Amino acid sequence: MKAPRLLVIVTLNLALLSAPPTTLAQETGKTSRIGFLSPGGAEQDSFLWSPLLDVLRERGWAEGRNLAFERRDAEGDYDRLPDLAAELVRLKLDLLVARGGPAALAAKRATATIPIVIWGATDPVSIGLVASLARPGGNVTRLSDDQGPELVGKRLQLLKEVAPRASKVAVLTRVPPSAASYMNAYEAGAQALGLQLRYWRLQGPDDIDKAFTAIIGEGFGALDVTYVVITWTHRRKIVDLALRHRLPAVYWHRTYAVDGGLMSYGEDEREVPRRLAGYMDKILRGAKAADLPIEQPTKLELVINLKTAKVMGLTIPQSLIGRADEVVR
């Protein structure tokens with residue numbers, strides 16, 4: 001009678017030893033710790049948390065039961081990211097999520113062993129985050145998003161449709177795009193449409209007023225506003241200045257258009273929590289970040305604010321309105 005019981009005990013022990021780390025966490029009550037590193041702040045990522053936690057619960061992960069989050073926000077001060085990344089790594093995380101290229105680079109430099117999921121980093125191959133899109137390699141994988149170079153030309157085309165007379169487009173960003181494919185996409189898109197481009201670097205709120213003064217003074221007729229911390233934090237100011245100067249603008253996130261911007265084109269943010277939770281779940285259950293291919297966005301959305309168009313005296317082509325996923329009237 002004792003031998004079968006011993007066999008059962010040995011079999012159970014072997015099963016536990018061979019189980020993925022987080023299967024053990026779920027069965028033994030261990031809490032998996034996830035770090036989240038962002039160059040911005042909680043307000044910019046507010047849309048993410050509740051649906052992300054909902055999807056994780058559906059997959060068996062619950063904050064306070066078998067999951068804990070450690071969040072560090074740079075609040076727009078990118079120089080803090082290396083220290084914040086190092087602080088998170090010292091907490092012996094099971095997974096690190098990094099938003100945006102600067103945070104992702106800081107995370108990768110801080111650890112070569114903790115799995116890293118990157119969200120919102122433009123052109124990760126060119127800037128050295130991953131080896132390839134099919135097999136990222138190392139300890140990093142990434143959600144592909146709407147900030148990639150493949151959508152730059154589409155946004156410029158939208159500007160051309162609403163402002164056909166504009167020949168010069170100003171680009172508001174934190175720094176001039178450094179990734180080669182990103183720059184090439186801007187230049188190729190502008191050349192195809194017969195547009196001139198110039199980038200304005202925004203490091204602080206005072207730079208916004210200076211940029212608009214120069215943009216208007218130099219006769220730029222349209223505006224491309226990239227989705228970075230400073231343009232997000234001061235989006236209402238940028239929207240107001242664009243409206244005051246009757247400057248047609250395209251933004252990279254729907255919130256800008258909802259808050260009064262003329263139009264936006266980018267990934268449907270409702271898809272991000274589901275996709276991010278999928279990566280997190282796979283890695284926490286034992287998958288290697290290096291083996292997870294980078295996924296492309298599944299849904300893009302065009303938002304047009306007709307109230308803003310009316311104030312600016314713009315007539316939006318009916319064909320463009322018909323293509324919009326949401327129209328603010």
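**Entry 1: α4 against α5**

I looked up which residues join these two helices in this predicted model. From α4 come L81, P82, A85, A86 and V89. They meet P102, A103, A106, A107 and A110 of α5. I then sorted the residues of this contact by character: 10 are nonpolar, none is polar and none is charged.

Next I checked the geometry. Helix α4 covers residues 81-89, and helix α5 covers residues 101-110. The two pack at an angle of about 50°. Their axes lie 8 Å apart. Because of that angle, I note α4 as oblique to α5. I also looked up the hand of the crossing of α4 and α5, and it is right-handed.

**Entry 2: enclosed space**

How many cavities of 30 Å³ or more are there? I find 2. I took the second largest cavity for a closer look. It holds about 50 Å³ of space.

**Entry 3: the lining of the second largest cavity**

I listed the residues around the second largest cavity. They are V239, A242, L243, L247, A249, Y251, G260, G261, L262, T308 and M312. By character, 8 of the lining residues are nonpolar, 3 are polar and none is charged.

Which elements each supply at least two residues of this lining? I noted α10 (235-244), β9 (249-251) and α13 (306-312). Of the elements, α10 gives the most to the lining, with 3 residues.

**Entry 4: recap**

I come away with two places to find again in the structure. One is the right-handed crossing of α4 and α5, with no charged residue in its contact. The other is the second largest cavity, whose lining also has no charged residue.

Terms used: Residues numbered from 1 in each chain as written. Predicted model: local features only at pLDDT ≥ 70, side-chain atom pairs only at ≥ 80, totals over all residues. Heavy atoms only, no water. Axes fitted to C-alpha atoms, helices over the stretch in contact; angles between N-to-C directions. Helix = DSSP H or I, 4+ residues; strand = E, 2+ residues; numbered from the N terminus. Parallel < 35°, antiparallel > 145°, perpendicular 65-115°, else oblique. Left-handed = near helix turned anticlockwise from the far one by under 90°. Contact = heavy atoms within 4.5 Å. Nonpolar A, V, L, I, M, F, W, Y, C, P; charged D, E, K, R; others polar. 1 Å grid on protein atoms, 1.4 Å probe; cavity = no way out; pocket = protein on both sides within 12 Å on 5 of 7 lines; lining within 4 Å. Points joined across faces, edges and corners; volume = space filled by probe spheres on them.
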